[in-house]
Amino acid sequence: MPGIRLDIVTAERMVYADDVDMVVAPGYEGQLGILPHHTPLMTTLLPGELRIKKGGEEVSLAISGGFLEVRPDRVVVLADAAERVDEIDVERAEAARKRAKERLSQQRELGIDGARAEAALRRSLVRLRVAEMAQRRKTKR
Ligand code: ATP
């Protein structure tokens, strides 16, 4: 099967660039599976797990939302933030989760921006989930 070129970039760096067999992305309207020769499209991504299949292997990245474009020659993901599993700092994500939870519980008294805390909570949960799922896959092997 011919591969698809996948580029995942943020404002800061090139996170991933390789030929892959399939991409499953957290699309705005649900999981979006992309195989070679997919129709060109542009869509919004939600915070979630982006899965890449390549040569029988599967790798995951945590994505904090962004855009995905299917071009005739490649798939381009412009992410707000993206980390490969091995880059995820679980302690940092856990600390971010706790902080966001606390902010949400104090929201009424302190007038903290609830949407911002919700978004931070979502990002931390995605990072924790991606790290945990990768760990589970590893122990299954
Ligand atoms: P924090 O409060 O810990 O900074 P955040 O969700 O506010 O988390 P972002 O603004 O989404 O962080 O990301 C800022 C930068 O830090 C990005 O480059 C992102 O990839 C990186 N980053 C954030 N959290 C983690 C983490 N747990 N592990 C690895 N990289 C992270």
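This section describes the overall fold of a predicted model, then one residue of a strand, and finally the surroundings of the ligand.

The protein chain comprises two helices and eight strands. Along the sequence these elements follow the order β-β-β-β-β-β-β-β-α-α, with the eight strands preceding the helices in that pattern. Along the principal axes, the C-alpha atoms of the protein chain occupy a box of roughly 55 × 35 × 25 Å. Among contacts in the protein chain with a sequence separation of 6 or more, 50% are made by residues 24 or more positions apart.

With respect to solvent exposure, 37% of the 141 residues of the protein chain count as buried. The accessible surface of the chain amounts to about 8800 Å², and carbon and sulfur atoms contribute 49% of this area. The chain carries 25 positive and 23 negative charges. The mean position of the positive charges and that of the negative charges are separated by 3 Å.

Val-24 provides a local view of the strand region. This residue is part of strand S3, which spans residues 22-27. Val-24 counts as buried because its relative accessibility is 8%, and the cut-off for burial is under 20%. When residues up to four places away in sequence are set aside, Val-24 touches Gln-31, Leu-32 and Gly-33, as well as Glu-49, Leu-50 and Arg-51. Ala-119, by comparison, is 95 residues from Val-24 in sequence, and the C-alpha atoms of these two residues lie 22 Å apart in space.

The ligand is surrounded by residues drawn from several parts of the sequence, namely Glu-12, Ala-81, Glu-83, Glu-87, Ile-88, Asp-89, Arg-92, Ala-93, Arg-99, Arg-123 and Arg-127. Three of these surrounding residues are considered here through their polar atoms. In the case of Glu-83, a polar side-chain atom is placed 2.5 Å from an oxygen atom of the ligand. Arg-123 likewise approaches through its side chain, in which an N or O atom lies 2.6 Å from a ligand oxygen atom. For Asp-89, the backbone is involved: one of its polar backbone atoms is 2.8 Å from a nitrogen atom of the ligand. The ligand taken alone exposes 590 Å², and the protein buries 71% of that area.

Terms used
Residues are numbered from 1 along each chain as its sequence is written. This is a predicted model: local features need pLDDT of at least 70, side-chain atom pairs count only at pLDDT 80 or more; totals for chains, interfaces and linings use all residues. Side-chain values use heavy atoms; hydrogens and water are left out. Helices (H or I, at least four residues) and strands (E, at least two) are DSSP runs, numbered from the N terminus. Buried means under 20% relative accessible area, exposed over 50%, partly exposed in between (1.4 Å probe, protein chains only). Contact means heavy atoms within 4.5 Å. Accessible areas come from the Shrake-Rupley method with a 1.4 Å probe; for residues, only the protein chains shown count as cover. Lys and Arg count as positive and Asp and Glu as negative; His and the chain ends are not counted. The place of a charge is taken as NZ of Lys, CZ of Arg, CG of Asp or CD of Glu. A residue is near a molecule or strand if one of its heavy atoms lies within 4 Å of it. A polar contact is a pair of N or O atoms within 3.5 Å; within protein, one must be able to donate a hydrogen and the other to accept it, and residues adjacent in sequence count only if both atoms are side-chain atoms.
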